[in-house]
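Biologist: Please take a close look at the salt bridges of this structure, and at how buried or exposed their partners are.

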Amino acid sequence: MLLLLGLTLALAGVAAAATLPGASTGHDRAAWRAILHWPSSCESGWRATATPGSGIELMPASGGRELVAVECYPGAYQGDALLYLAAQSSKPVGPLALRVYEDPGNGHPKLTSATTILGVLDFTKSTGTLTILDKFRGVGDCGIFSTYRLEGNRLALTAARAKTACDGKPPFSPARWPKLTV
């Protein structure tokens, strides 16, 4: 009986050690950094802003995984982040490289690949869909709106829209901006 109790406690300790950190405090951020190993440039950017909290957003994904957004540089109305997939039972994946549209300054967005993602993130677990709104200015009347689907260990670009004229005129909803070729 004593052996069984000892084995149960040992297994409980292993399970507790495998638990992923939270996302509330600076200690949580440090624990995630020990797991995900993001670059020092991201960490120094975060620390320079003295933003309270952890800068970590956990978005539950399929298969018991978490889509982890690690904020590097919080901005006035949007920041940039690195994205990872993490689960208790496997090695984390990331930072994830996404196909993203960027405006080089000429009003003609260009498709490129990036691991540092600029914009406001929203993930829906039931559909495995991530949307990113890269606002060109705070009022959000212009920018690039991209939609991704979680496929295995990657986020696949499924749709993109852009309004490059920051003119205060409609359409205001990013879902109505002109489509870009995916």
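Modeller: What follows treats the salt bridges and the accessibility of the residues that form them. The model is predicted, so local features need pLDDT of at least 70, side-chain atom pairs count only at pLDDT 80 or more, and totals for chains, interfaces and linings use all residues. Side-chain values rest on heavy atoms, with hydrogens and water left out, and residues are numbered from 1 along each chain as its sequence is written.

A salt bridge is a side-chain nitrogen of Lys or Arg within 4 Å of a carboxyl oxygen of Asp or Glu; by this rule the count comes to 6. One of them joins Arg47 to Glu43, with the closest N and O atoms 2.9 Å apart. Both residues belong to helix H3 (residues 40-49), where they are 4 residues apart, about one turn of the helix; helices here are DSSP runs of H or I with at least four residues, numbered from the N terminus. Arg29 is linked with Glu43 and Arg47 in a network of salt bridges.

For accessibility, buried means under 20% relative accessible area, exposed over 50%, and partly exposed in between (1.4 Å probe, protein chains only). Arg47 counts as exposed because its relative accessibility is 54%, whereas Glu43, at 7%, is buried.

Another salt bridge connects Asp141 and Arg137 at 2.8 Å, N to O. Asp141 is buried, with a relative accessible area of 2%, while Arg137 is partly exposed at 33%. In the salt bridge between Glu151 and Arg149, the closest N and O atoms are 2.7 Å apart. Glu151 is partly exposed, with 28% relative accessible area, and Arg149, at 39%, counts as partly exposed.

Note on methods:
Helices (H or I, at least four residues) and strands (E, at least two) are DSSP runs, numbered from the N terminus.
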